[in-house]
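The following exercises are meant to be worked through with the sequence and the coordinates side by side. Each task is followed by a solution that proceeds step by step.

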Amino acid sequence: MDVTLHLSQDAEADELLGRSPLAALVGMLLDQQVPMEWAFKGPRTIADRLGADDLDAQDIAVQDPEAFAALLSDKPAVHRYPGSMAKRIQQLCQYLVEHYDGDAAAVWKDADTGKELLRRLEELPGFGRQKAQIFLALLGKQLGVRPTGWREAAGPYGEPKSFRSVADITGPESLGKVRAHKQEMKAAAKAAKAGKAAKAGKAGKAGKQVEQQEPTD
C-alpha cells in the first residue's frame with residue numbers, strides 16, 4: 001500500500017494515509033462529527049505526538065488511556081471529542097492486535113470476496129455498516145483492493161464517480177462535490193424530519209378537536 005491520497009488536503013498527512021493501512025483505518029474511524037480534512041489529518045498528528053513515523057497498533061493498544069486521551073486533546077485537538085475517540089482508537093488497535101497480530105492490512109489482504117471484506121470491516125470496533133462500506137469503497141477505488149463483488153458490497157459508495165464519500169475524493173474539486181452531496185443529504189433529512197413533525201402536529205391537533213366535540217356524560 002503506497003499510493004497518493006488527497007483526503008486531508010495536507011501533503012504530509014496524506015502521504016501517511018497512502019502508505020499506512022492503520023493510519024487509513026484510524027482516519028476513517030475519526031471521520032464523524034468533524035470535517036473530513038480534520039479527521040484524516042488526525043493519524044499524522046497522532047504519529048507526530050508519539051514521536052513516530054507511522055502508527056503502530058501494538059504500541060497504541062498498550063498506551064495509558066489517560067495519557068493517550070491527553071495526547072489527542074492537546075491543541076489543536078485531533079477531534080471534537082478527543083477523549084471518546086482516543087478510547088475508540090485504542091479499542092480498534094487492541095482488536096487488531098488480538099485478531100490480526102497488529103497488522104491492519106491483514107483485514108483485507110486475503111479477503112476473497114467483497115462480502116467477506118465488508119463483514120471483517122463491520123467487526124472492527126467503531127465501524128458500523130455505513131463506515132465499513134465507505135472504507136471498502138475507498139479500498140477499491142483508490143487503494144487497489146478489489147476482491148470479487150467489492151462494488152456491490154460497498155453499496156452506493158462503490159458506484160463509479162458517485163461523489164458520496166471520502167472514497168471519491170482525489171483533490172479539491174472532488175472534495176467540493178462530496179461536501180455538496182453531504183449538505184444535500186443533510187438538508188433532505190432535515191426537511192423530512194420537519195415534515196414528519198408537522199404531520200404529527202396536525203394529527204395531534206385533529207385528535208384534540210375530536211375529543212372536544214365528543215359529548216361528555
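**Exercise 1. Determine whether Ser8 is buried or exposed, and describe its surroundings.**

Solution. Ser8 has a relative accessibility of 5% and therefore counts as buried, where buried means under 20% relative accessible area, exposed over 50% and partly exposed in between, with a 1.4 Å probe and protein chains only. The model is a predicted one, in which local features need pLDDT of at least 70 and side-chain atom pairs count only at pLDDT 80 or more, while totals for chains, interfaces and linings use all residues. Residues are numbered from 1 along each chain as its sequence is written, and side-chain values use heavy atoms, with hydrogens and water left out. Next, locate Ser8 in the segment before α1 (11-19); helices here are DSSP runs of H or I with at least four residues, numbered from the N terminus. Setting aside residues up to four places away in sequence, Ser8 touches Ala13, Asp14, Glu37, Phe40 and Lys41, a contact being heavy atoms within 4.5 Å. Finally, a polar atom of the Ser8 side chain lies 3.1 Å from the backbone nitrogen of Asp10.

**Exercise 2. Identify which residues Gln9 touches beyond four places in sequence.**

Solution. Begin with the exposure: Gln9 has a relative accessible area of 34% and is partly exposed. Its contacts, again not counting residues up to four places away, are Asp14, Glu37, Ile169, Gly171, Pro172 and Leu175. For one of these, Pro172, the C-alpha to C-alpha distance from Gln9 is 7.5 Å, although the two are 163 residues apart in sequence. The side chain of Gln9 also reaches the backbone oxygen of His6 at 2.4 Å.

**Exercise 3. Work out how many aromatic pairs the structure holds and how their rings are arranged.**

Solution. The structure holds 2 aromatic pairs; rings of Phe, Tyr and Trp (its six-membered ring) pair if their centres lie within 6.5 Å, and planes under 30 degrees apart count as stacked, over 60 as edge-to-face and the rest as tilted. Trp108 and Phe135 are tilted, at 5.7 Å centre to centre with 50° between the planes. Because Trp108 lies in helix α7 (residues 106-109) and Phe135 in helix α9 (residues 129-142), this pair ties together parts that are 27 residues apart in sequence. The rings of Phe127 and Phe135 have centres 6.3 Å apart and planes at 90°, so they are edge-to-face. Trp108, Phe127 and Phe135 thus belong to one aromatic cluster. As for burial, Trp108 is buried at 7% relative accessible area, and Phe135 is buried at 0%; Phe127 is buried as well.

**Exercise 4. Establish where the buried residues of α5 lie around its axis and which helices they pack against.**

Solution. First list the buried residues of helix α5 (residues 65-73), which are Phe68, Ala69, Leu71 and Leu72. They cover an arc of only 155° around the axis, which puts them on the same side of α5, the arc being that of the directions from the helix axis to the C-beta atoms. These buried residues pack against α3 (36-49), α4 (57-61) and α6 (82-100).

**Exercise 5. Find where α3 is kinked.**

Solution. The kink, of about 35°, lies at Gly42, shortly before the proline Pro43; the bend at a residue is the angle between axes fitted to the seven residues ending there and the seven starting there. Among the buried residues of α3 are Gly42 and Pro43, as well as Phe40. Just after α3, Gly51 takes a positive phi of about 70°.

Terms used. Helix = DSSP H or I, 4+ residues; strand = E, 2+ residues; numbered from the N terminus. Polar contact = N/O pair within 3.5 Å; in protein donor to acceptor, adjacent residues only side chain to side chain.
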